[in-house]
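Subject: Structure handover

Hello,

Here is the structure we talked about. Please look it over, then read the notes below.

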Amino acid sequence: MEVFVLQLFNGLSVSSILLLIALGLSITFGLMKVINMAHGELIMIGAYSTYLTQNIFNDYLPKSMFDWYFVLAIPVSFLIAFLFGLILETSLIRFLYGRPLDSLLATWGVGLVLQQLARSIFGAPNVAVTSPSWLDGGVNFLGAVLPYKRLFILGLVVLTLLAMYFYIYRSLEGRRMRAVMQNRDMAACLGVSTRRVDAMTFAIGSGIAGIAGCALTLLGPIGPSLGTYYIVDAFMVVVLGGVGKLVGTILGALGIGVFNTMFEYWTNASLGKVLVFLCIVAFLQWRPMGFVAMRSRSLDS
């Protein structure tokens with residue numbers, strides 16, 4: 001029972017991280033059909049923002065306040081990644097709509113530039129981020145010890161999901177975003193500024209990637225290539241869940257995270273990845289649009 005609980009929790013933990021990474025990618029790809037290969041570097045930006053926040057607290061503020069740096073690091077990571085995403089969209093991505101191959105190559109090049117910039121500023125070796133003392137230890141549940149760090153990440157993912165749900169389905173800006181996703185031409189005819197919606201959506205997706213980078217600092221050292229370890233799995237979550245659908249992204253992340261952990265436990269890391277990939281290919285043969293398909297006249301045509 002203890003082993004089962006621990007493996008299930010590890011699967012949920014991996015799923016939550018993949019969900020946080022893929023969430024911004026899903027809404028960006030669903031709205032603009034842009035394959036953003038620099039998404040991993042936006043995660044890296046969020047991680048280094050947390051590292052800088054830690055250093056500021058360590059160098060300039062009383063030691064008694066150090067444990068609270070992480071609370072501030074979450075919005076800081078979001079804002080910095082948000083600004084990077086907004087600059088990237090207005091300076092490059094806006095000229096590549098409708099050209100998926102060009103956007104893929106361009107964002108891949110941007111990712112390489114950002115990685116090299118991080119190496120020039122912070123150095124090539126990984127750097128450590130010290131976790132707050134209130135996240136040390138864990139809680140005993142049915143004989144298994146569940147670390148506070150991973151429980152905190154689960155809570156952070158739930159809060160992010162709730163925030164995105166209220167933004168997408170309960171706000172005026174979210175209504176405009178869904179309108180542009182379903183039928184861009186009709187939304188423009190009704191007075192929706194599709195240009196503004198594109199820019200804000202890309203920036204928000206980038207900000208969520210920054211939060212993911214902040215969360216990843218709790219799991220180990222960070223470096224310039226941090227995002228490259230997760231970008232392929234994030235795209236698999238988006239494709240498996242269904243492009244642009246929040247519920248589909250959740251189901252895709254849960255499926256990949258849990259099955260990946262179980263397969264790795266039963267076999268090994270390499271074979272587990274292969275089995276997960278084969279399951280995804282088989283599922284997409286059955287449901288090519290993923291778990292949740294978006295239906296609209298613009299897509300049907």
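First, a definition for the helix pairs: axes are lines fitted to C-alpha atoms, for helices over the stretch in contact, and angles run from 0 to 180 degrees between N-to-C directions. Helices (H or I, at least four residues) and strands (E, at least two) are DSSP runs, numbered from the N terminus.

This is a predicted model, where local features need pLDDT of at least 70 and side-chain atom pairs count only at pLDDT 80 or more, while totals for chains, interfaces and linings use all residues. Residues are numbered from 1 along each chain as its sequence is written, and side-chain values use heavy atoms, with hydrogens and water left out.

**Helix pairs**

Start with α2 and α8 (residues 194-216). Their axes lie 6 Å apart and the packing angle is about 55°. So α2 is oblique to α8 (under 35 degrees is roughly parallel, over 145 roughly antiparallel, 65 to 115 roughly perpendicular, the rest oblique). Contact here means heavy atoms within 4.5 Å. On the α2 side, the residues that meet α8 are His39, Leu42, Ile43, Gly46, Ala47 and Thr50. Their partners in α8 include Gly205, Ala209, Gly213 and Cys214.

Next, α6 (residues 172-182) and α8. Their axes cross at roughly 105° and come within 10 Å. The two are therefore roughly perpendicular. From α6, Glu173, Arg176, Met177 and Val180 make the contact. From α8, it is Thr194, Arg196, Val197, Asp198 and Thr201.

**Helix α4**

α4 covers residues 100-122, 23 residues in total. It spans 32 Å from first C-alpha to last, close to the expected 33 Å (1.5 Å times one less than the number of residues). Its buried residues include Ser103, Thr107, Val110 and Leu114. Buried means under 20% relative accessible area, exposed over 50%, partly exposed in between (1.4 Å probe, protein chains only). These buried residues of α4 pack against α2 (39-60) and α3 (69-91). Gly123 follows α4, with a positive phi near 95°.

**Gln54**

Gln54 sits in α2. Its relative accessibility is 5%, so Gln54 is buried. Leaving out residues up to four places away in sequence, Gln54 touches Phe66, Tyr69, Ala128, Val129 and Thr130.

**Cysteines**

How many disulfides does a search of the whole structure find? Zero. A disulfide here is a pair of cysteine sulfur atoms within 2.5 Å. Cys214 is buried, because its relative accessibility is 0%. Cys279 is partly exposed at 39%.

Best wishes
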